[in-house]
Amino acid sequence: PPARSRAVPAVLPGPPLALAQSGAVGALRGASLDAAGAWRLHDAFQRPVAARVRLTPAARAPRRRPATAQQALLQTEDAPDDHGIVGGALGGQLVGSVFAGLPPQEFSVAFDTGSGNMILPSSLCGSVACQAHRQYHAQYSGASLPVARADDLNATVAAGEPRETVRLAFGQGAVVGPLASDRVCLGPDENLCAQTGFVEALEMSSTPFLISPYDGVLGLGLSGLSLRPHFNLMDNLGGAGGRFAVWLARDGDGEASEITFGAADGSRVGSRQVIWQRLARPHVGVWDVAMRDATLGGELLGACGLGGCFAAFDTGTAVIGGPAGFIAAIRARLGDTGDCEDMDRLPTLGFVIGDKVLRLEPSDYMAREGDRCLPRLMVIDVPPPKGPLVLLGTPFLSRYYTIYDRQALMMGVAVARHRRDEPN
């Protein structure tokens, strides 16, 4: 049956605001530091986030009418259960639809805040990973253009001359292909559309793409993560792509996760206000903010050192990731966490951002694997210039509703509202 549409407010209050929520955000106390080895990621933490595709009434503008910042597109899609475990860097991804070409061709994509390019498998791709998914047919689109080189979207391809080919890494996998341009929409009724450059993949590694529930990837990072600004769909959308928000469902919510474009959804906010924090390095392209330290049970760990850390909000990461020293400091203080009966006695894990501590409960950062419970922590060394980075993935994003404002270059964070948090 068709999914029910739900009205989405045009805009939540803009920056700057402060958040006050008992149990989730609080003050600092104490300080200490230990060192220990870091646990490596287990497949159990690489499940895809499921969602459905829905357009809100506000997004149903007349065809060919320009999108505005007041329009809101709600994207969610169910990821089939029979695809199994998703591996690689996109283990915690939101999956939804984009439409490329005239007439539009529909593709499921991973909405990834940790990258800035769009990738679609080409109909000419011979990789097994491509053959397992829907493929982009350039010849069927009246708006498709081959792109000679990345620095000029309008550069023509001379007869007999090859197009520039790029290679993009995704965790332990990669995508290789030439550049193309086409009309790309975030809705089938020409909602939020723009001519955009992308990678037309001729090679896709089996990891993570072969068993993934998505055909391609739509990077939602800033233009610093893109090949060039005209390869960034959100930039090309202008004001309509200026803000989006992510809500990750939990078990028991009875509904899918969702991402809204053009507006944030106030009904997803479970706190009185929203924290707004300025992006630390927008030129790098990462949705990151300055983080002073991590805490356990309200005590500072010294995990970031004297200079602090950069923390990125990453929909493509299924864990809390970070440099070896950062993860080691948390694990050393946690100690042995294998007994599930002791999980409720574990301390809260907090991240000091601005003058607030954004806390996770043990149920947020621990996962049951058989008869053992293990922390959802992973050593991920992001090299410069983007790293080192602390990656706030699924454990954080399911606790907090996150708003990405590329016009103000700020992040909004609020406690997310879930069904189990509501009074009976």
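## A tour from the β27–β28 hairpin

Start by selecting β27 and β28, which form a hairpin with four residues between them; in the turn, L409 has a positive phi of about 55 degrees. The model is a predicted one. Now zoom in on L409, in the loop between β27 (400-405) and β28 (410-415). Most residues other than glycine have a negative phi. L409 is a residue other than glycine, yet its phi is positive. Colour by accessibility and L409 shows as partly exposed, with a relative accessible area of 30%.

Next, select β28 alone. Six of its six residues are buried. In a regular strand the side chains alternate between the two faces of the sheet. Here M410, G412 and A414 point one way, while M411, V413 and V415 point the other way.

Which strands pair with β28? Strand β27 pairs with β28 in the antiparallel sense over six bridges; to see one position, pick Y400, whose bridge partner in β28 is V415. Strand β15 (residues 275-278) also runs antiparallel to β28, joined to it by four bridges. Select W276 and G412 to see two residues that stand opposite each other.

From V413, step to F396: these two are in contact. Leaving aside neighbours within four places in sequence, F396 also touches F313, I320, F351, L358, L360 and T402. F396 is, with L186 and F326, among the residues with the most contacts inside the largest nonpolar core, which has 68 residues. Helix α4 (residues 324-334) supplies the largest share of this core, five residues. Another core lies apart from it and has 21 residues, including V147, V166, F170 and M204.

Now go to the cis peptide bonds. Most peptide bonds are trans. Select T207 and P208: the bond joining them is cis, with omega about 5 degrees. P208 is in helix α2. A cis bond also joins P384 and P385, again with omega about 5 degrees. P385 sits in the loop between β25 (377-379) and β26 (390-392).

For the last stop, return to α2 (206-209) and follow the chain into the loop that leads to β12 (216-219), where I211 lies. Is I211 buried, or partly exposed? I211 is partly exposed, with a relative accessible area of 40%. Add V128 and L210 to the selection: together with I211 they make a nonpolar surface patch of about 240 Å².

Terms used:
Residues numbered from 1 in each chain as written. Predicted model: local features only at pLDDT ≥ 70, side-chain atom pairs only at ≥ 80, totals over all residues. Heavy atoms only, no water. Patch = residues over 30% accessible without salt bridge, like charges linked within 9 Å, V, L, I, M, F, W, Y side chains within 5 Å. Areas by Shrake-Rupley, 256 points an atom, 1.4 Å probe, with all protein chains shown as cover. Salt bridge = Lys/Arg side-chain N within 4 Å of Asp/Glu carboxyl O. Buried < 20%, exposed > 50% of the residue type's maximum accessible area, 1.4 Å probe, protein only. Core = buried A, V, L, I, M, F, W, Y, C linked by side-chain atoms within 4.5 Å. Contact = heavy atoms within 4.5 Å. Pairing = 2+ DSSP bridges.
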